[in-house]
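Reader: I have a model open on my screen and would like to learn how to read it. Could you walk me through the features step by step?

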Amino acid sequence: MNLYEHEAVATIYRKYGISHPRFVVATEPNEEVAAFVRENGGAVVKAMVLVGKRGKAGAVKLVKTEAEAAKAVTDIMNMLVWGEKPVAVMVCEKADIQAEMYCAVTYSTETRSPVITLSMDGGMDVEAIDPSRIINFPVDARPEVEPYQIRDMLVAIGFTRKYGEILRQASLTIASVYKAFWGSEARLLEINPLAVVKVARKDRKTGEMVETLELRALDAVVTLDDDATVAPQKIYGERSAYTRESTRREVDALLIDRDDHRGKAGSYVEPEDMSGDIAMMTFGGGGSAVTIETCYDAGLRPANFTDIGGNPPAEKMYKISRIILSKPGIKGVLVCGGTASNTRIDVTLGEGLVNAIDDLAREGKLDRDLIWVVRRGGPEVEKGLRLLAECFQRNGIKGRIFDSELPITQAPLILRDLLVEHRGYVCGDTAQASV
Amino acid sequence: MGPSLLNENTRIIVIGATGREASQVVRESEDLFPGRIAAGVTPGKGGTTIEPNVPIFNTIKEAKAQDPRINLALIYVPPSSVKDAVLEAIGNGLKTVFVITEHTPIRDAAEIYLAAKNAGVRVVGGTSLGCFVPNVGRIGAIGGKDPSGALAAGGVVVISKSGGLTVTTAEMLKRRGHGVYFAVGIGGDMIAGTTYADLMDELQADPHVTALCMLGEVGGAYEEQAAEAVAAGRFTKPLAAFIGGEFQENQEGVSFGHAGAVVERGKGKASDKKTALAAAGRNVRVARYYHNLVDCIEELGVKPNLPDATGRVVQPKYATI
């Protein structure tokens, strides 16, 4: 799960003592924002979105007065940032920036360990940084790194050329960043920029204000592990990958698995723009992915995605079948899965899917112009496919049914060819394949 | 006889054995290959038995005291207990561990990898489907109750991140005349205990192996590491590869992430993996479609050891159009 900046700052930076600018969060201009701008003599107003490159999108605004702040809050809340609607704005204290570093902790499949990435060239889009100026330091998978290890890294990236006076303090800050990454069970904690800022602070002995340098996190990009010991949803609430609201069919499908843990039939989503004209009933993670991919490659446009598995009972298959077939605008149906180890084909297809088709026919809701291709293997496949074929015949359904003799990814190509021949289907421009 | 992952000396202990899925796997596996599973562990259920005759212990230590030849742990515990179970296996001197459990926290996976590396232990998974070696045995549910339809003996090794496609691929090969030496699901977790490249030295050295069929997915650098091993001459036998996930690259809104893109610059995308593999050596073919894997194996000159049961054109079982 990706966190918004204000969530990451409020929960993670505060907990692990990572220095950050003071801020307030708002969704509309209010007295709190006005007071904050008055006190600080200005502020930076930032859109809370999950996409990057906010600055380029004009979603970060520098304001000097209360009036400017109020306008910035309203303007940002009303804009789309690379297509995404801000959930709030963060009004932050301005920083006196001396240098901008890049700092991230993530996992590397090269070393199969956490890796700390540092660069003195932060502040810009990370992929724009000169690769020779950005260094990855693998570390052992342990809760902490020692500050001396960080000091070695900082020397290696040239930090001490200008900022040697705060080397020790900087190493403590970055060690805290690592501790925060580990402790919050993140997959990614990225700070860009991690800035060297000039701050005024009261000298402990003399009581006078003096200027010192410190490292301060001016941004937060955090991806938490969805498999974390404490599920991120429990802390931050459910979060959809889409910016649109769920469709009725997606909501209905979610309910299928809610109260019944036998198998999984309710993972159903539609493309973000809700397009597509091929109803997809696919099984298993890898099998589903490879089937969907072949569809796009063959010029077919999937209208939904499913990932059914774990031997769901017939009632669950009945429900998801009706949902899949109710998507408006579909022209073909692809029922496609590999060779199941456990999922009963007579139950899932021979009973669940068959009952759904029979009922739709009885209710006058079955579109007989649809073209079907079925490919499935697994326990009781002979019986399952025979029952489905009988159902096709009594309901006048046009289709072809294969067992695991047919390689799984030939099924989408066969459906494509049938649709082109019988319904004049116009393939998407990605189409290249032939059977 | 058999690869290091599973051979005639393998004695399996199933951790979390009394759970619903694990106990079914124990019974089915003992029907197929009697005696391969030596014992099970479920803390608090020591002294019980899974029918017909697999004894359950409270700890691996207790089980090893009864049967010192136990050398492989098969892990079926919930995600939050995986690290504990693997460390118990390593601490008791077991040399191979299969983690079937899905959704292991990535932090635990990284700790497991470090501990296994330091102890010289081979961990496969998380999210492994298991391993099947025809005529020798199986680890996990791979192949179901009756694997004979999908898995036949031969010389091709199938290594797959996707569990479902492990068996589906072995069956596709079998129908076109190619049996498998073994098939293993290594899982698609970001931190994998065992990668393609980790197994390649052994595959190169083992004369039973005629070819490698690898199924990869978008993300991480394990497929690229396999390509590097080939390019370095560590693996020279025929290699047919399919990499899933290329379509995502053209989909709007799919992001490959910030630091991930930097840490593994130029790696991770399906197209990166395909390019790296195709350029790695003369004995490598990258399948455009998944079903082209068999054609790749044939192009590379791998001789079938079984009759071709289907040919290239397959007739439907039933047709109403």
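Author: Happily! Let's start with domains: their bounds come from an automatic or database domain assignment. Keep in mind that this is a predicted model. Chain A is divided into domain 1 (22–92), domain 2 (96–224) and domain 3 (247–423). Taken over C-alpha atoms, the centres of domain 2 and domain 3 of chain A are separated by 50 Å.

Reader: Which domains does the assignment give for chain B, and how far apart do their C-alpha centres lie?

Author: Chain B has domain 1 (1–128) and domain 2 (150–309). Their C-alpha centres lie 26 Å apart.

Reader: How many residues of each domain of chain B are in contact, and what area is buried between the two?

Author: On the domain 1 side, 17 residues of chain B are in contact with 16 residues of domain 2. About 1,300 Å² is buried between these domains of chain B, with carbon and sulfur atoms giving 56% of that area. In domain 1, the residues that lose the most area to domain 2 are Pro3(B), Leu5(B) and Arg122(B), together 31% of what that side buries.

Reader: What polar or charged pairs should I look for between those two domains of chain B?

Author: General idea first: side chains of opposite charge can pair when their charged atoms come close. Between domain 1 and domain 2 of chain B, the count of salt bridges is zero. There are, however, seven residue pairs in polar contact across this interface of chain B, both residues being at pLDDT 80 or more. Of the elements on the domain 1 side, α4 (106–119) and β7 (122–124) of chain B each supply at least two residues. Helix α4(B) gives the most, with four residues. By type, the residues on this side of domain 1 of chain B divide into nine nonpolar, seven polar and one charged.

Reader: Now for the two chains. How many residues does each give to the contact, and what area is buried between chain A and chain B?

Author: Chain A brings 73 residues to the contact and chain B brings 63 residues. The area buried between chain A and chain B is about 5,600 Å², and carbon and sulfur atoms give 57% of it. If you want residues to click on, try Thr109(A), Arg112(A) and Glu405(A): they supply 16% of the area that chain A buries against chain B, more than any other three residues.

Reader: And how many salt bridges are there between chain A and chain B?

Author: The count here is five salt bridges. In one between the chains, the side chains of Arg288(B) and Asp297(A) meet at 3.1 Å, N to O. The interface of chain A and chain B also has 21 residue pairs in polar contact, both residues at pLDDT 80 or more. On the chain A side, helix α9 (residues 285–298) gives the most, with ten residues. The chain A residues that touch chain B divide into 31 nonpolar, 23 polar and 19 charged.

Reader: Which strands of chain A and chain B pair, and in what sense?

Author: Strand β17 (residues 398–402) of chain A pairs with strand β15 (residues 318–319) of chain B in the antiparallel sense, over two bridges. To find the place, start from Ile401(A), whose bridge partner in β15(B) is Tyr318(B).

Reader: What is the salt-bridge count over all chains?

Author: Over all chains the count comes to 47 salt bridges. One to look at joins the side chains of Glu5(A) and Arg54(A), at 2.9 Å, N to O. Because Glu5(A) lies in helix α1 (residues 5–16) and Arg54(A) in the loop between β3 (43–47) and β4 (60–63) of chain A, the pair ties together parts that are 49 residues apart in sequence.

Reader: Finally, how do I read the backbone angles?

Author: As a guide, most residues other than glycine have a negative phi, and most peptide bonds are trans. In this model, a cis peptide bond joins Asn192(A) and Pro193(A), with omega about 10°. Pro193(A) sits in strand β9 (residues 186–202) of chain A. Another cis peptide bond joins Glu51(B) and Pro52(B), with omega about 5°. Pro52(B) is found in the loop between β3 (49–50) and β4 (54–57) of chain B. For phi, turn to Asn311(A): its value is positive, about 55°, although it is not a glycine. Asn311(A) is in the loop between β14 (305–306) and α10 (314–325) of chain A.

How values were computed: Residues numbered from 1 in each chain as written. Chains lettered and ligands numbered in written order. Predicted model: local features only at pLDDT ≥ 70, side-chain atom pairs only at ≥ 80, totals over all residues. Heavy atoms only, no water. Contact = heavy atoms within 4.5 Å. Buried area = accessible area lost by both parts, 1.4 Å probe. Salt bridge = Lys/Arg side-chain N within 4 Å of Asp/Glu carboxyl O. Polar contact = N/O pair within 3.5 Å; in protein donor to acceptor, adjacent residues only side chain to side chain. Nonpolar A, V, L, I, M, F, W, Y, C, P; charged D, E, K, R; others polar. Pairing = 2+ DSSP bridges.
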